[in-house]
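Subject: Structure for you to look at

Hello,

Here is the structure I said I would pass on. Please open it first and keep it beside you while you read the notes below.

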Amino acid sequence: MILLGEIAIFMRISFSTSPARMPRRSPPHRTTSRKKQHVDITLTKDVRFRGKTTGLERLEFVHNALPELNLDDIDTRTTFLGRELALPLMVSCMTGGYPDALAINRDLAAVCESARIALGVGSQRQALEESRFHRTFSVVREAAPTIPVVGNIGAAEVAGMKDASAALRLAELIGADAFAVHLNPLQEFLQPEGNPSFRGVLQGIAMLARSLPIPLIVKEIGAGLSTDVIRRLLDAGVTIIDVAGAGGTSWAGVEALRQTDRTTAERFWDWGIPTARALQDAAALRAGGRSMTIIASGGITSGLAAAKCIALGADLAASARPMLSALDRGGRKGLRKLIEEWSREIRGAMFLTGSARLSDLHSAPLVTYRDQ
């Protein structure tokens, strides 16, 4: 296995060197303030999609009254980024880069470590702009030394990258096992301080896929990935896709609540491809011969929903707002309880479909009963 620290030393890359040349979008203090606003809004306001759902609620497992296994036979373990997980789950964190984020990321990481599930940090753009809050990101590896940890940067930043040095530094900051690029054109379009400059993003993604010593993940943030976009990402060398579909947190809604004139953002509140549809499209591409790891996120609010995603073809299910909310309400204990509940639901779905392993759950049939 290639160690990021060794690569960084070999390439003489560290945070004490001059930062890579990146387009400056806004002063660092504005980035810090915005990141805090996003977390506060998602925790205190109703930012769910209004008229669109994930589509997962329309699907039900076919009950198997003769599972021919014991509950103790169920094995939910999987491997992600070369590390073993106890559950096919990932906390898609959306924070870092402001004072309060240190405690949030430390607690998320500690719970993920104890539960043996994966963790992703929020956008690390602020860490490129200044070093003041680097530890709000690096703390995740301190608290979670053995689980998969994923770095994160936005598409607009990637479009401006001439080489992979900035992404390498961000990955090294958290000891990342993979690095994610989030595609958020809707949010950038609606954000007052946004940067809807997406020409060159695919070229930048291809460069990172070639240059980074760790896998590249490309994800949406709640509006979904279409078949065409996934195909282009695979052609560019991306190996891990997070469909991040519509039906959970609406980032158009989040941005609407940050503005005085909400007219445009309100119009786009329900924009996006439902999670189930995006996931089915990705799985169809893989069934057609395209190799990829599939992560399902976007409105995953229970272990049963996560199990449905696995049955639809996902290798992992990821969630952000429910995990943050559980931590906010009940601290580490509250988050542990939620993950234990999800674990029981996943195991229950496996038992009641006769699926001893996750590979069996991939074949468990889903049907639409509710309309009958």
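What follows goes from the whole chain to its strands, then to two helices and one loop residue.

Please keep in mind that this is a predicted model.

The chain as a whole

The chain holds 16 helices and 12 strands. For 372 residues, a compact globule would have a radius of gyration near 21 Å, and the chain, at 20 Å, agrees with that. Its C-alpha trace spans about 65 × 50 × 45 Å along the principal axes. Of the 372 residues, 57% are buried. Contacts between residues at least 6 apart in sequence are mostly long-range: 79% of them join residues at least 24 apart.

The accessible surface of the chain is about 16,200 Å², and carbon and sulfur atoms account for 50% of that. As for charge, there are 45 positive and 38 negative charges, and their mean positions lie 5 Å apart.

A run of parallel strands

Strands S7 to S11 can be followed one pairing at a time. Strand S7 (residues 178-183) runs parallel to S8, joined to it by 5 bridges; here Phe179 has Leu216 of S8 as its bridge partner. S8 in turn pairs in the parallel sense with strand S9 (residues 240-242) over 3 bridges, and Val218 is matched with Ile241 in S9. From S9 the next step is strand S10 (residues 293-296), again parallel and over 3 bridges, with Ile294 in S10 as the bridge partner of Ile241. Ile241 of S9 is thus a bridge partner both of Val218 and of Ile294. Lastly, S10 is joined by 2 bridges to strand S11 (residues 316-319), also in the parallel sense, and Ala296 has Ala317 in S11 as its bridge partner.

How is S8 placed with respect to cover, on one face or both? Strand S8 (residues 216-220) has 5 of its 5 residues buried. In a regular strand the side chains alternate between the two faces of the sheet. In S8, Leu216, Val218 and Glu220 are on one side and Ile217 and Lys219 on the other, and both faces are covered. Two residues that carry charge by type, Glu220 and Lys219, are therefore among the buried ones.

Two enclosed helices

Helix H7 (residues 165-174) has 8 of its 10 residues buried, so the rest of the structure largely encloses it. Among the buried residues are Ala166, Leu170 and Ile174, and also Arg169. After H7 comes Gly175, with a positive phi near 60 degrees.

Helix H14 (residues 303-312) is likewise largely enclosed by the rest of the structure, because 9 of its 10 residues are buried. Those residues include Gly303, Lys308, Cys309 and Leu312. H14 is also followed by a glycine, Gly313, whose phi is positive, near 125 degrees.

One loop residue

Gln259 sits in the loop between helix H11 (251-256) and helix H12 (263-267). Is this loop residue buried or exposed? Its relative accessible area is 18%, and buried means under 20%, so Gln259 counts as buried. Setting aside neighbours within four places in sequence, Gln259 is in contact with Leu190 and Pro192. Between those two in number is Gln191, which is 68 residues from Gln259 in sequence but 8.7 Å from it in space, C-alpha to C-alpha.

Regards

Definitions and conventions:
Residues numbered from 1 in each chain as written. Predicted model: local features only at pLDDT ≥ 70, side-chain atom pairs only at ≥ 80, totals over all residues. Heavy atoms only, no water. Buried < 20%, exposed > 50% of the residue type's maximum accessible area, 1.4 Å probe, protein only. Helix = DSSP H or I, 4+ residues; strand = E, 2+ residues; numbered from the N terminus. Rg over C-alpha atoms; globule rule 2.2 N^0.38 Å. Contact = heavy atoms within 4.5 Å. Areas by Shrake-Rupley, 256 points an atom, 1.4 Å probe, with all protein chains shown as cover. Charge placed at Lys NZ, Arg CZ, Asp CG, Glu CD. Pairing = 2+ DSSP bridges.
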